[in-house]
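Here is my note on the model you sent round. The points are numbered so that you can reply to each in turn.

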Amino acid sequence: MIVRGTNLLKLTAKDADFQLKHSRWSGPSHFNTREFRCKHCGELMLHYDLVLALEKLRAEIGKPLVITSGYRCKVHNKAIGGVKNSGHTKGYAADIALPYGFTHKLFREIIWNTRKITGIKRVGSYPDKLFCHATSE
Ligand SMILES: [Zn+2]
């Protein structure tokens, strides 16, 4: 099932998963609610604008993007040492695994340099990590 949208999506742990498609995205849908759920409780808050930005980034890079952390409820965010008021707790941040063959520096540079196309607003810099943190707000 594909569910189109433009706004903030909220799911409980019991709600079924589905493919996400921003209403303004005409390409294929590559992201599923499953990937963005809180790893601790299964709940989800997700802005469709983040999904749109990730589809555009995927198209720019030409490789699948794996989300290693999407939504985090406040309990989980605190437990893993996330910053207070992190975009992860509001549904507009994702940690994206470094695509095969990409260093952190290169991946970060591409995300930053394509931000006017993708709509990504901020990119975190954690050079020792195997992901890049990106936000749509
Ligand atoms: Zn949780």
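1. Which residue is the bridge partner of V3 in β3? The partner is L20. Please keep in mind throughout that this is a predicted model. The V3 bridge belongs to the pairing of β1 (residues 2-5) with β3 (residues 19-22), a parallel pairing with 4 bridges.

2. β3 also pairs with β4 (residues 31-32). Here the strands run antiparallel, and 2 bridges join them. Q19 has N32 as its bridge partner in β4. Strands of a sheet pair through backbone hydrogen bonds, in either the parallel or the antiparallel sense.

3. Taken together, these strands form an open sheet of 3 strands, in the order β1-β3-β4. The pairing is mixed. β1 and β4 are the edge strands, and each pairs on one side only. Helix α1 (residues 48-61) lies across β1, β3 and β4. The helix runs at about 90 degrees to β3.

4. There is also an open sheet of 4 strands, ordered β6-β7-β9-β8. Its pairing is antiparallel. Why do β6 (67-69) and β8 (122-123) each have one side without a neighbour in the sheet? They stand at the edges and each has a single partner strand, so one side of each stays unpaired. For β6, the pairing with β7 (residues 93-97) is antiparallel and has 2 bridges. Within it, I67 has I96 of β7 as its bridge partner.

5. Helix α3 (residues 104-113) packs on this sheet. The helix touches β8 and β9 (131-135), and its direction makes about 20 degrees with that of β9. Which residues of α3 are buried? They are F107, R108 and I111. Seen down the axis of α3, the buried residues fall within an arc of 100 degrees, so they line one face of the helix. An α-helix has 3.6 residues a turn, so residues three or four places apart point the same way.

6. The other face of α3 deserves a look too. Turned away from the buried side, this face carries the exposed residues K105, L106 and N113. The buried residues of α3 pack against α1, α4 (115-118), β8 and β9.

7. Next, the largest nonpolar core. This core has 25 residues, and L44, L46, L50, V51 and L54 touch the most other members. At least two residues come from each of β5 (44-47), α1, β7, α3 and β9. The most is given by α1, with 7 residues. One core residue to inspect is L50. Beyond its neighbours within four places in sequence, L50 is in contact with Y92, A94 and S136.

8. Is A53, with its 26 C-beta neighbours inside 10 Å, buried or exposed? A53 counts as buried, because the cut-off is 20 or more other C-beta atoms within 10 Å. This residue is found in helix α1. Leaving out residues up to four places away in sequence, A53 touches T118, G119, I120 and S136. P127 is another matter: A53 and P127 are 22 Å apart in space, C-alpha to C-alpha, and 74 residues apart in sequence.

9. On the chain as a whole, the secondary structure comes to 4 helices and 9 strands. From the N terminus on, the elements run β-β-β-β-β-α-β-α-β-α-α-β-β. Of the contacts between residues at least 6 apart in sequence, 60% join residues at least 24 apart.

10. Last, the overall dimensions. What radius of gyration would a compact globule of 137 residues have? The value would be near 14 Å, and the chain has 14 Å, so the two agree. The C-alpha trace spans about 40 × 35 × 25 Å along its principal axes. Buried residues make up 34% of the 137 residues in the chain.

Notes:
Residues numbered from 1 in each chain as written. Predicted model: local features only at pLDDT ≥ 70, side-chain atom pairs only at ≥ 80, totals over all residues. Pairing = 2+ DSSP bridges. Contact = placed C-beta atoms within 7 Å. Axes fitted to C-alpha atoms, helices over the stretch in contact; angles between N-to-C directions. Buried ≥ 20, exposed ≤ 12 C-beta atoms within 10 Å, placed from the backbone. Arc of directions from axis to C-beta. Core = buried A, V, L, I, M, F, W, Y, C linked by C-beta atoms within 7 Å. Rg over C-alpha atoms; globule rule 2.2 N^0.38 Å.
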